[in-house]
Amino acid sequence: MDRAGHPDRRVLLVGGLAAATAALAGCSPTSAASPPTSAPPEPAPTTPAAAFTRLMEGNKRWVSGDLRHPDRDPDRREFVAEKQEPFGAILSCIDSRVPPELLFDTGLGDLYVMRTGGEAIGPVVTGSVEYGPMTSGTPLIVVLGHQRCGAIEAAYKSIRDGKPLPGNLEAIAKALRPAYEQVHGGGADPVDSMARAQVTLTAADLRSNQDLAPLVKKGALAVVGAYYSLDTGKVEVLAGAPA
């Protein structure tokens, strides 16, 4: 059969290999975007003011969406596996929409976090809050309430109507009664007022208790009361911000 009108198979093979080589070159590591590298961990703040600034800067990133996600990679996991030095202790609500590590843009080993309904507090919770400042010099405690708190609302209605909550939920209502008594009958939104009162009362109690007060007095510890907006993502300071 006449081969004059047909390309030589060797030519086809060489051409095909050249095209494949060119295609692979386009996918080579030299032309692909370099994978992001982990930022070196920042030294933990050692003063109340520095720790507070670190948290609030993280919250600004949360609000704007310009997140850094620090301290959340395998290197950080290995770094803190043997030892932790959190720079803050956060007492917040159990609400699924208020995760402190996220809304302050922090990571592994940065925060001690205690979460109870409506920031209700008792001896075990108080001891948990005290742990960082008293054992490892954690310089900052933040009591963080929030907008539209279901635990606060349930406790408010229970106390107002004289109808105990079921099971151990009643223990939460009892713990929140001082905040209820402070705001009962006043304000356009008494539930929100009660949420804010719970924060300021709890922060004041922690600030003045016999174990933490000496640390506060000498400037080694600040106890901040704060309020988180579900609508904006912003943390508002109510009391106790370090100078």
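Asp73 has a relative accessibility of 19%, so this residue counts as buried (buried means under 20% relative accessible area, exposed over 50%, partly exposed in between, with a 1.4 Å probe and protein chains only). Asp73 sits in the loop between helix H2 (48-64) and H3. Its C-alpha atom and that of Leu108 are 8.5 Å apart, although the two positions lie 35 residues apart along the chain.

Before going further, a word on what you're looking at. This is a predicted model, where local features need pLDDT of at least 70, side-chain atom pairs count only at pLDDT 80 or more, and totals for chains, interfaces and linings use all residues. Residues are numbered from 1 along each chain as its sequence is written, and side-chain values use heavy atoms, with hydrogens and water left out.

**The whole chain**

The chain has 9 helices and 5 strands; these are DSSP runs, numbered from the N terminus, with helices (H or I) of at least four residues and strands (E) of at least two. Walk along the sequence and you meet them in the order α-α-α-β-α-β-α-β-α-α-α-α-β-β. Out of 243 residues, 40% count as buried. Take the contacts (heavy atoms within 4.5 Å) with a separation of 6 or more: 67% of them come from residues 24 or more positions apart. The accessible surface adds up to about 13800 Å², and carbon and sulfur atoms hold 58% of that. Those areas come from the Shrake-Rupley method with a 1.4 Å probe.

**Strand E1 and its partners**

How many of the residues of strand E1 (residues 88-92) are buried? The count is 5 of 5, so to speak a strand that is mostly covered. In a regular strand the side chains alternate between the two faces of the sheet. Here both faces are covered: Gly88, Ile90 and Ser92 are buried on one side, and Ala89 and Leu91 on the other.

E1 pairs with strands E2 and E3, where pairing takes at least two DSSP bridges between two strands. Ile90 takes part in both pairings, with Val113 as its bridge partner in E2 and Val142 in E3.

| Partner of E1 | Direction | Bridges |
|---|---|---|
| E2 (residues 111-115) | parallel | 5 bridges |
| E3 (residues 140-146) | parallel | 4 bridges |

**Two loop residues with positive phi**

Glu119 has a phi near 55°, a positive value in a residue other than glycine. You'll find Glu119 in the loop between E2 and helix H5 (123-136). Is this residue buried or exposed? Its relative accessibility is 1%, so Glu119 counts as buried.

Arg148 also isn't a glycine, and its phi is positive at about 55°. This one belongs to the loop between E3 and helix H6 (150-161). With 49% relative accessibility, Arg148 counts as partly exposed.

**A pocket to look for**

The second largest pocket holds about 210 Å³ of space. Of the 15 residues lining this pocket, the closest to its centre are Ala44, Arg76, Phe79, Val80 and Glu85. Helix H3 (residues 74-80) gives the largest share of the lining, 3 residues. By type, the lining has 6 nonpolar, 2 polar and 7 charged residues. A pocket here is an open set of points on a 1 Å grid over the protein atoms alone, where a 1.4 Å probe fits, with protein on both sides within 12 Å along at least five of seven lines; lining residues have an atom within 4 Å of a point. The volume is the space filled by probe spheres set on the points, which are joined across faces, edges and corners. Ala, Val, Leu, Ile, Met, Phe, Trp, Tyr, Cys and Pro count as nonpolar, Asp, Glu, Lys and Arg as charged, and the others, Gly among them, as polar.
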